[in-house]
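Please open the model in your viewer and keep the sequence panel beside it. This tour goes from the whole chain to single residues and then to helices, and at each stop it says what to select and what is there.

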Amino acid sequence: MAFARLPDESRRRLVKQLQSLAGTMTTAVVSEITKRHDWFNQLGAEERSWVRVVATNGIESFINWFADRSDVDPANLFNAAPRALTRKISLNQTVDMIRTTIEVVETQINARMSDEDKQVMGQAVLYYSREVAFASAQVYARAAERRGKWDERIEALVVDAIVRGDSVDALLSRASALGWTGGQVSVAVGPTPPEPDLEGIRHAARQLGQEILAATHGDRLIVVLSDNNCEGQSLAERTIMGLSDWFGPGIITIGPRVDGIEHADESAQEALSGSNASIAWIEGPRVVRSRELLPERLLAGDQKAKQQLAKDIYRPLIQAGGDLLATCTTFLDNYGSVEASARALFVHANTVRYRLKRISEVTGCNPSSARESYVLRLAIAVGRLATNDK
């Protein structure tokens, strides 16, 4: 290139001319950035001063590089401003700044130099601006990598705090740092795959329109996600079904929906309990709500499961009256036969059918389902034992 073969005398002359233009070029660059880019005017005074420092440093670095013909690292020009600049100014905005700076420098060179010097300096500016562009990409890539590692560590701490039931204040502070917003949440627990890919599952969740928190916890993969009713199926269930390939083999358990991440530990504890007990129901679906594992959790010694069976199934059955409990036990004792149950109760078969429908409504369990009849039988036993204890 012509600028690389330039005689020393000509180089010193051009360097002196560039140095005399440095102040003018810096002023012109800041003026043009102010005119062209709204984002610059929306920055705070401190951030705008950082941009001016970078622009000034960029021009000075170019002059030094041209004078020395040495391998001056263009990335050094970003060292003049704090590292936080990459959080305030996006890569696109940095490209705007570099493009504007180059155009202003070229304009100044064209206005102040001879045709021969213009050609030499034009090549030098083109070469150096290319190096600056590469340096900018590296600066933002490193910043993104640092943020990614930091965010992943914070995310792991948030998930650990949820599992352990740590301080709510610390949990909310860390979740806020990750940009987590309020709303109902559920926690899903499943087997960790042989090679867990947390970034992969986060990306897959974003493809499904969900932002999640994910971390491994021993041999379990924990996922925290928003959970709202969605066309008869919860958003959490729909999302986890879409993410099931990112878990290891086995059942994935979703804890109950809770109001806000500050209560996520309640969902996590039930999901973990269900996950631990799921081995007893290996025939179950790939994705299951922790409530559906109440019998297995009870047999595994989960006292909360025992309380839930009594509270959510047995008590509503008693409180509903209308001989629902008697109908339920009779129907179960008669192997699910409506006609045999009607004869045993001395009522019409349609009365039994109506009561079975009411049982499903008040307990959420259908006595005609083999699995749910098992849940009802356990709930009745647990409820009667609890009543007898009193």
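With the whole chain shown as a cartoon, you are looking at a predicted model in which the chain has 16 helices and eight strands. If you now colour the residues by burial, the buried ones make up 46% of the 390 residues in the chain. Turning to contacts with a separation of 6 or more, 69% of those in the chain are accounted for by residues 24 or more positions apart.

Next, select His37, which you will find in the loop between helix H1 (8-36) and helix H2 (38-41). Is this residue, His37, buried or exposed? Its relative accessibility is 11%, and because buried means under 20%, His37 counts as buried. To see what surrounds this side of the loop, add Asp96 and Thr100 to the selection, since His37 is in contact with both of them when its neighbours within four places in sequence are left aside.

From there, move to helix H5 (residues 91-112) and pick out Thr101, which is found in that helix. At 15% relative accessibility, Thr101 also falls under the 20% limit, and therefore it counts as buried. Leaving aside the neighbours within four places in sequence, you can show Val29 and Ile59 as sticks, because these are the residues with which Thr101 is in contact.

Now select residues 264-277, which form helix H10, a helix of 14 residues that reaches 20 Å from its first C-alpha to its last, close to the 20 Å expected at 1.5 Å a residue. How many of the residues of H10 are buried? The helix is mostly covered, with 10 of its 14 residues buried, and among them are Ala264, Glu270, Leu272, Gly274 and Ala277.

For the last stop, select helix H13 (residues 324-333) together with helix H14 (residues 338-345), and turn the view until you can follow both axes, which come within 9 Å and cross at roughly 130°. An angle of that kind makes H13 oblique to H14, and the crossing of the two helices is right-handed. To look at the contact itself, display Ala326, Thr327, Thr330 and Phe331 of H13, and with them Val338, Ser341, Ala344 and Leu345 of H14. If you colour these residues by type, the contact of H13 with H14 divides into five nonpolar residues, three polar ones and no charged ones.

Notes: Residues numbered from 1 in each chain as written. Predicted model: local features only at pLDDT ≥ 70, side-chain atom pairs only at ≥ 80, totals over all residues. Heavy atoms only, no water. Helix = DSSP H or I, 4+ residues; strand = E, 2+ residues; numbered from the N terminus. Expected span 1.5 Å × (residues − 1). Buried < 20%, exposed > 50% of the residue type's maximum accessible area, 1.4 Å probe, protein only. Contact = heavy atoms within 4.5 Å. Axes fitted to C-alpha atoms, helices over the stretch in contact; angles between N-to-C directions. Parallel < 35°, antiparallel > 145°, perpendicular 65-115°, else oblique. Left-handed = near helix turned anticlockwise from the far one by under 90°. Nonpolar A, V, L, I, M, F, W, Y, C, P; charged D, E, K, R; others polar.
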